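Reader: Please take one strand of this protein and go through its surroundings closely. I would like to know what lies beside it and how that part sits in the whole chain.

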Amino acid sequence: MRINVEEHKVDVQQNLIYFNSSKDTIYTIVLNDWNHSFSSKNSLLGNRFSDEFIRSFHLASDEDRGFTDIKNIIDNNFNTLYWKRNEKQIDIIEIELETPILPNSSQKLNLLYSIKLPNEKFSRYGFNNEGKLYFKNCFLNPAIYQNGKFVKQSNVNLEDIFNASSNISVSLDIPLKYSFASNLNTIEETKSDKYATYNLVGENKKDLILIISPESESTIYKNEYIEVSSSINKTRLNDIQKTLIIDRITRFVHEKIGPSNSSKILVSQEDYNKEPFYGLSQLPAFLSPFSDENLFELMFLKTYINAYLNENLNLNHRKENWIYDGIQTFLMMQYIDEYNADLKMMGSLSRFKILKSYNLINLDFNQQYNYLYMLMARKNLDQPLAERKDRLIKFNERIANKYKAGLSFKYLDSYLENEIVLQSIKEFVALNNHIQTSKYDFEYILNQNSTKKIDWFFETLINSRKLIDYKFGKVSKTNEKLTVNIVNKTKTNVPISLYQLKNDSIVGKFWLDNIKTDSTFVFERNGADKIALNYLNEVPEYNLRNNWKSLKGFFFNNRPIKFNFYKDLEEPYYNQVFYVPEFEFNIYDGLAFGMRLNNKSMLNKPFTFSVTPFYSPKTGTLVGKFNGIVEQNVRDEGRLYRIRYIVSGSQFHYAENAAYTNLNPTVQLLFRDKDFRTNKTEFVQLKQLYINREKTDFLLDKNTENYNLFNFKYGNFQSEATKHYSLTTDLQVANSFGKISTEIHYRKLFDNNRRLSLRLYVGTFLYRSTTSEFFSFGLDRPTDYMFEHSYLGRSESTGIFSQEYVYAEGGFKSKLDTRYANQWMTTFNASFNVWNWIQVYGDMGLLKNKFAPTKFVYDSGIHLNLVPDYFELFLPVYSSNGYELNTNNYGEKIRFIVTLTPKTLISLFTRRWF
C-alpha cells in the first residue's frame with residue numbers, strides 16, 4: 001500500500017485469509033472498520049463525543065473527518081461479495097460469503113479500499129498539521145468470533161478494539177523524506193527515486209499500527225527480552241539516560257509477569273497523551289515538580305505496561321477491562337516501591353518548607369491512588385470494576401476505576417502474601433499465548449494459587465460498589481493484653497489489617513477476617529502505644545479518619561485544628577480549616593474584602609461549612625455569608641442518590657445604606673438515572689426563606705421589609721454538547737401571595753452547526769393580597785426578592801447597572817412600558833446563531849395585570865454571546881416600543897451579563913468530566 005501524506009489517505013489492497021478455528025460453520029464474516037466511525041456526526045462515536053460535551057467533533061469540517069471507502073470485496077473464486085454496514089453501527093461491516101467456511105478450514109478474501117484519516121484532535125490518532133500520520137484501529141480486521149457469533153463493538157473512543165489475532169505481512173510505500181515506526185518488524189527495505197518500500201511482518205497481532213512523520217521521532221531500544229520502538233519525547237534526557245530507564249522497566253516487567261508473546265512493542269507519545277498519568281498532565285512543563293528522569297520514567301512506565309498488556313492479553317477490553325487496569329496500576333505501584341520509594345505525589349515540591357504543612361505535598365506517590373478513587377466514592381459516583389467500559393463515567397474510566405483496580409490487586413497481594421498475585425498474573429499472561437481467555441480463567445488461576453478463601457475479592461471489590469469502612473469501638477488495655485472492638489460501618493465483609501505501633505514503628509500486624517458485624521478481638525499488646533487499622537493503606541477504604549486509637553492516657557483522640565491556605569487533601573489526623581481571601585462587589589457595598597473559612601478539602605465530607613465575613617470600606621460595615629451542609633449519600637439501587645440538608649444566610653446592602661439579611665434552611669433530594677453516564681439529573685428542593693430588609697427612602701415598595709417564604713422547586717435536566725432540555729417547576733407560598741411557575745428550555749446544535757435555543761415560561765398567582773409590584777412577575781428583570789441572583793445593582797432603575805440582565809422569569813431584553821405582571825404571564829424566548837457567537841433573538845409574551853386587559857408584547861435583536869454565562873451583550877432592534885435603533889439614548893437600552901464572583905469565574909477554567 002502507498003501512503004498519500006498530503007491528502008492523509010492510503011489505498012489498500014488487502015488479502016485476508018480467514019481461518020475458522022471454531023466448531024461452527026461461518027456464513028458471514030464481520031470486520032471492524034473503526035476509521036469509518038469518524039465519518040458521521042451521528043455515529044456512536046459522534047454520540048459519545050456529544051455525551052462528553054466535546055463540541056469539536058460536531059463542529060469539524062469534512063476535511064477533518066475520517067472515512068473508509070470500500071471499492072470491492074471478492075473471494076478466492078472471484079465472486080464479488082455482498083457487504084453492508086450495520087445500520088446502527090456504521091463502523092461494523094458484514095460480508096455475506098458465497099461459500100461458507102467449515103470448521104478448521106479457511107477462505108481467502110481480497111479487499112480493495114481506501115482510508116482517509118481523521119484529524120488527531122478527536123482521538124490523538126490520525127493526521128496533524130505538521131504532516132504526521134498515525135494509523136491505529138484504521139485497517140479492516142476480523143472481529144472476534146465467540147460463543148457462536150461475532151462480537152460487534154463500535155468505536156466509542158475507549159481504546160478497546162476487539163480484533164481477532166492475525167499474522168500480518170505488509171508492503172508499505174512512503175515518500176523518501178518521511179520516516180516511519182510500526183509495531184511490526186521490518187524484514188526488507190528498498191528505495192526508488194521518490195519512495196521507500198518496506199516489507200513488514202508480525203505474528204499474533206490484533207492491529208497494524210503505523211506512524212509516518214517528516215522527522216524521525218522513534219528510537220529502537222533492544223535487549224535480550226524485547227525490542228521497543230519509543231517516541232516518548234517530552235523530556236530533556238539524552239539517549240543513554242533513556243536507554244538505561246527503558247532497559248530497567250522492560251526487565252522489571254519481564255521479571256514480574258513473564259516474557260512477551262510479541263517480540264516488538266511500540267510505545268508512542270500519542271499513546272501516552274491518550275491516557276496520560278493523571279497529575280503529571282495537569283501541570284504545565286515549567287511547573288513540573290518532577291525531574292526529567294522521573295518524568296520520562298513515569299510516562300514510559302505507564303505507556304509500556306499498557307502496550308505490553310494489549311499485545312499479550314486476549315481479553316475483551318470493554319467487558320473485562322478491570323484486569324488490564326488492575327495489572328497495569330499494580331505493576332506501576334510495585335515499580336515505584338522498588339525503585340522510587342521516596343518519591344512524593346507532588347515530587348520535588350515536598351522539599352519546600354513553606355509547603356510542608358500540606359498533606360498533598362507530603363503524600364507518598366503510591367498513596368495518591370486511594371485518594372483519587374475516594375474522590376468519586378465520596379461523590380457517590382463510583383462504579384463497579386466489572387462494569388462495562390462504555391458505561392463508565394469518564395473520570396472513572398480514565399482514572400478512578402483504574403486506580404481502584406490496582407489498589408484491589410495490591411490489597412489481595414498484601415492479604416495473601418508470598419507474591420501469589422504476581423505469580424497468578426504471570427500464569428495468566430502465559431495462558432494468553434495459547435488460547436482466547438476471559439475473566440473466568442483469571443479468577444480460576446487466582447483461586448487455585450490462593451491459600452485463603454478469596455470469594456470476597458470478586459464479590460465485593462470487583463462486582464459491586466460496596467464501600468469498606470471499619471473503625472475502632474471500645475478498647476481495653478492491660479500491660480500484656482489488648483481487647484479491641486472493631487465496628488463495621490458498612491457491613492461489607494472483607495479482611496482488614498490491624499497494626500500495633502510503638503513510637504510510630506510497627507511492632508505487630510494482624511489480618512482480621514469475617515467481621516460481618518461489630519466484633520471483639522483479644523491479642524498480645526507487644527508494648528504498643530497506638531493501634532491503627534489499614535495503617536499502610538492496603539485496603540481501599542472509604543474513610544481513613546477513624547482508623548487509629550491511642551493507648552496513652554484516657555483514649556482522648558481529639559484531632560488538633562490545622563489551618564491551611566486555600567485547600568488540601570484530607571488529612572486523617574487533623575481537623576482542617578482552610579482560609580482563602582475573597583472579594584465581592586456590588587455598587588452599594590463597593591469592593592468588599594474578606595476571608596473565607598471552610599473545611600472543604602478535595603474530598604467530599606458528610607459535613608462542610610463555609611463562613612465568609614467581608615469588610616466594606618464604602619459603608620464601613622461588616623457584611624458576609626455562611627453555609628453549612630450535611631450530605632447523605634444513598635447507596636441503594638434506587639434513583640435517589642443524595643440528600644442535602646443546608647442552612648445558609650447572608651447580609652449585604654441592597655440599596656444605599658440599606659442592608660438585607662436572609663436565612664435559608666433547605667432540603668434537597670437529588671435523583672439520577674441508573675445508567676451513570678446519562679447526563680440526566682432531577683432534584684426536589686424544599687426551602688424556607690426568612691428575609692429582613694432595612695427601610696430606605698430610595699425605594700417606594702410598601703410592606704416589603706420583612707417577609708417569610710416557603711419555596712418548593714422541581715427540576716429535570718438532560719444535557720450534552722448537541723442538545724439540552726430542562727424543566728423547572730417553582731411553587732412559592734407566603735402570607736401575602738402564592739404563585740407557581742414552570743420553565744421549559746430546549747437547545748439543539750444541528751448538523752450544519754446552527755444552534756437553536758427555545759424557552760417557554762408560564763407563571764400565575766394563586767392568590768395575592770399585596771399591592772406592591774415587588775413580588776410580581778418580571779418581564780425583563782426579576783426583582784429577585786428571594787436573593788438568588790448576584791446583581792451588581794439590584795435596586796437600580798436608571799443608569800448602567802439597571803441594564804444588567806438575568807435570564808429568568810419573562811426573559812425579555814427590551815424594557816417595555818409594562819415591566820411586571822401581578823396576575824399571570826406567559827413568554828416564549830428564542831435565539832438562533834448566525835455566525836459563531838453572534839445570535840439573533842426574539843421574545844414574545846402575554847401578561848395580565850389586575851384591572852387591565854391582557855397585553856401582547858414582543859422584542860427582537862442581536863445577542864453577542866462572547867463568553868456564555870460570563871460576558872454577554874444584548875442589542876435590541878425592534879420591539880413593542882418600535883424600532884429601538886431610532887432612539888437617541890440607544891446605549892441605555894443595551895443589556896449585559898457580566899460575572900465578577902470569584903467562584904463563578906474560576907469555574908470557567910475548571911470544568912471537568914464528572
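Author: What follows is a look at strand β19 and its neighbours, then at the chain as a whole and some of its salt bridges.

The model is predicted. Strand β19 covers residues 227–230, and both of its faces are covered. Glu227 and Ser229 point to one side, Val228 and Ser230 to the other, and all four are buried.

Consider the neighbours in turn. Strand β18, residues 219–222, pairs with β19 in the antiparallel sense, and four bridges join the two. Within this pairing Tyr221 is found opposite Val228. The connection between β18 and β19 is a hairpin with four residues between the strands.

Strand β20, residues 264–267, is also paired with β19, here in parallel and again over four bridges. Glu227 has Lys264 of β20 as its bridge partner. Between β19 and β20 the chain passes through helix α3, residues 239–257, and the three elements make a β-α-β unit that is left-handed.

Now the setting. The protein chain holds 13 helices and 47 strands. Of its 914 residues, 55% count as buried. A compact globule with 914 residues would have a radius of gyration near 29 Å, and the 32 Å of this chain agrees with that. The C-alpha trace spans about 90 × 85 × 50 Å along its principal axes. Of the contacts between residues at least 6 apart in sequence, 63% join residues at least 24 apart. The chain exposes about 41,400 Å², and carbon and sulfur atoms supply 52% of this area.

Salt bridges come to a count of 51. One of them joins Lys402 to Glu275, with 3.3 Å between the closest N and O atoms. Lys402 belongs to helix α9 (394–416) and Glu275 to the loop between α4 and α5, so this pair ties together parts that are 127 residues apart in sequence. Buried means under 20% relative accessible area; Lys402, at 5%, therefore counts as buried, and so does Glu275, at 11%.

Another salt bridge is formed by Lys713 and Glu788, at 3.6 Å from N to O. Because Lys713 lies in strand β36 (706–719) and Glu788 in the loop between β40 and β41, the pair ties together parts that are 75 residues apart in sequence. Lys713 counts as buried at 16% relative accessibility, whereas Glu788 counts as partly exposed at 39%. Finally, a network of salt bridges links Arg48, Asp51, Glu52, Lys394 and Arg677.

How values were computed. Residues numbered from 1 in each chain as written. Predicted model: local features only at pLDDT ≥ 70, side-chain atom pairs only at ≥ 80, totals over all residues. Heavy atoms only, no water. Buried < 20%, exposed > 50% of the residue type's maximum accessible area, 1.4 Å probe, protein only. Pairing = 2+ DSSP bridges. Right-handed = clockwise from strand over helix to strand, strands pointing away. Rg over C-alpha atoms; globule rule 2.2 N^0.38 Å. Contact = heavy atoms within 4.5 Å. Areas by Shrake-Rupley, 256 points an atom, 1.4 Å probe, with all protein chains shown as cover. Salt bridge = Lys/Arg side-chain N within 4 Å of Asp/Glu carboxyl O.
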